[in-house]
Amino acid sequence: MEFLRPGGWAEALELRAAFPEALPIQGGTDVMVELNFDKGRPAALLDLNPCAELRRIEEIDGRVRVGAGVPYVQIIRELGTRVPGLAQAARTVGSPQIRNRGSVGGNLGAASPAGDSHPALLAANAVIEVTSAARGSRMIPIDDFYVWVKKNALEPDELIRAIWLEPDSGPQYFSKVGTRNAMVIAVCSFAIALHPRTRTAGTGIGSCGPTPLRARAAEDFLARELPWADPVPLTETIAREFGALVAAAAKPIDDVRGTADYRTHALSVMARRTLSWAWNDLAAQRRAA
Ligand SMILES: Cc1cc2nc3c(=O)[nH]c(=O)nc-3n(C[C@H](O)[C@H](O)[C@H](O)COP(=O)(O)OP(=O)(O)OC[C@H]3O[C@@H](n4cnc5c(N)ncnc54)[C@H](O)[C@@H]3O)c2cc1C
C-alpha cells in the first residue's frame with residue numbers, strides 16, 4: 001500500500017486529485033480499525049497530519065472555525081464555553097487515547113450515524129468547509145452533509161478543511177445512551193441548542209436512522225411555544241410534547257445495540273431532560289443579568 005505524505009495543505013489537495021483512490025487519514029481511529037480488521041484495503045493512504053492548519057481553532061468575524069484535524073481533546077479544552085454542546089459530545093468519545101487522536105473531521109469523513117459529534121453539529125447549525133485543488137472551497141450546511149449511511153456530500157477530489165460554528169448564543173446540551181458509561185458506541189444520542197437571540201432551537205439525533213437527523217417539527221414547536229421573553233419554569237406539557245416530537249422524527253432500527261422501541265423511548269427522555277437543563281440555564285442567565 002502506498003503512503004502519500006504531503007508537505008502541507010496545498011500539496012494534500014493536489015494528491016487528493018491525482019490519487020482519488022487514496023484514503024485520507026487524520027487520527028486514524030476509524031481508518032486503522034478498518035485496515036486491522038481487513039474490512040478494506042485502499043490502494044494508498046493520504047496522510048493529513050503534516051497539514052498544520054487543520055489542527056487550528058480560530059475566531060474569524062465572530063465565528064469559530066475548527067480545523068478538520070483538531071482532536072477531541074483540544075475541543076474539550078478550548079470550546080467548553082464557546083460551543084458547549086460539541087465539547088460535551090467530545091467528552092463522551094472513546095477513551096483518552098481516542099480523544100487525543102480522533103477528530104471531528106474524521107467523524108464527518110466516516111459519517112457514521114452513530115458518530116457523537118453529528119447531533120451537536122446539527123443543533124448548532126454548523127457549516128462544513130470542503131476544498132478541492134481545482135475548484136477551491138465550498139461551504140456545505142450541515143443539513144446537506146449527511147447523504148446516507150456512512151456517505152457524505154464530499155466529491156472524490158475534495159477534503160474537509162474546517163467546521164464553522166456560531167459561538168454559543170444560548171445553552172447547549174448533548175446526551176448519549178450507551179451500554180456502559182465510557183468507550184461505547186451510542187445506542188442513541190441527542191443534542192439541543194437554544195438560540196435566544198433568534199428565539200429558535202436546534203436539535204440533532206444520533207444512532208436513530210440511516211444518517212444523523214434533525215427534529216424539525218420539534219424545533220418549530222419550541223420556537224412557537226417557549227416563553228422566550230420571560231423564561232418562567234418549563235411546563236411538563238411543553239417538555240413532554242417536545243420529547244414526543246423528537247421521538248417521532250427518529251427512524252430507528254432494531255440491532256445488536258438496542259431495539260427501535262427502546263431507542264424511541266430513550267430519545268424522548270433525553271429530549272425532555274436536555275430541554276429542561278437548557279431552559280433552566282437560560283432562566284438562570286436572565287435572572288443573573
Ligand atoms: C476504541 C474506539 C472507540 C471509539 N469511540 C467513539 C465514540 O465514542 N464516538 C464516536 O463518535 N466515535 C468513536 N470512535 C470512532 C472514531 O474515533 C471517530 O469517528 C473519530 O472522530 C475519527 O477521527 P479520526 O481523525 O481518527 O479519523 P480517521 O480514522 O483518520 O478517518 C476517518 C474517516 O474520515 C476520513 N477523513 C479524515 N479526515 C478527513 C478530511 N480532512 N477530509 C476528508 N475525509 C477525511 C478518512 O478517510 C476516513 O474515511 C471510536 C473508535 C475507536 C477505535
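Helices here are DSSP runs of H or I with at least four residues, numbered from the N terminus, and in that numbering Arg263 lies in helix 11, which covers residues 260-288. Please keep in mind throughout that what we are looking at is a predicted model.

Let me stay with Arg263 for a moment. Is this arginine buried or exposed? Its relative accessible area is 1%, and since buried means under 20%, Arg263 counts as buried. As for what surrounds Arg263, if we set aside the neighbours within four places in sequence, its contacts include Val187, Cys188, Ser207 and Cys208, and they also include Pro252, Ile253, Asp255, Arg257 and Gly258.

Now to the chain as a whole. The secondary structure of the protein chain comes to eleven helices and 13 strands, and the C-alpha trace spans about 60 × 45 × 30 Å along its principal axes. For 289 residues, a compact globule would have a radius of gyration near 19 Å, and the protein chain has 19 Å, so the value agrees with that expectation. Buried residues make up 53% of the 289 residues, and, among the contacts with a separation of 6 or more, 63% are between residues 24 or more positions apart.

Turning to the surface and the charges, the accessible surface of the protein chain comes to about 13200 Å², and carbon and sulfur atoms account for 52% of that area. The chain carries 33 positive and 32 negative charges, and the mean positions of these two sets are 4 Å apart.

I would next like to look at helix 3, residues 72-79, where Tyr72, Gln74, Ile75 and Leu79 are buried. Why can we place these four on the same side of helix 3? Because they cover an arc of only 155° around the axis. What do the buried residues of helix 3 pack against? Their partners are two strands, strand 4 (57-60) and strand 5 (63-67), together with helix 4 (84-91), helix 5 (96-101) and helix 6 (104-110).

Finally, Tyr72 of helix 3 can be set beside Leu245, a residue of helix 10, which runs over residues 236-249. Leu245 and Tyr72 are 173 residues apart in sequence, and from C-alpha to C-alpha they are 31 Å apart in space. Around Leu245 itself, again leaving aside the neighbours within four places in sequence, the contacts are with Ala217, Ala218 and Phe221.

Terms used: Residues numbered from 1 in each chain as written. Predicted model: local features only at pLDDT ≥ 70, side-chain atom pairs only at ≥ 80, totals over all residues. Heavy atoms only, no water. Rg over C-alpha atoms; globule rule 2.2 N^0.38 Å. Buried < 20%, exposed > 50% of the residue type's maximum accessible area, 1.4 Å probe, protein only. Contact = heavy atoms within 4.5 Å. Areas by Shrake-Rupley, 256 points an atom, 1.4 Å probe, with all protein chains shown as cover. Lys, Arg positive; Asp, Glu negative; His and termini not counted. Charge placed at Lys NZ, Arg CZ, Asp CG, Glu CD. Arc of directions from axis to C-beta.
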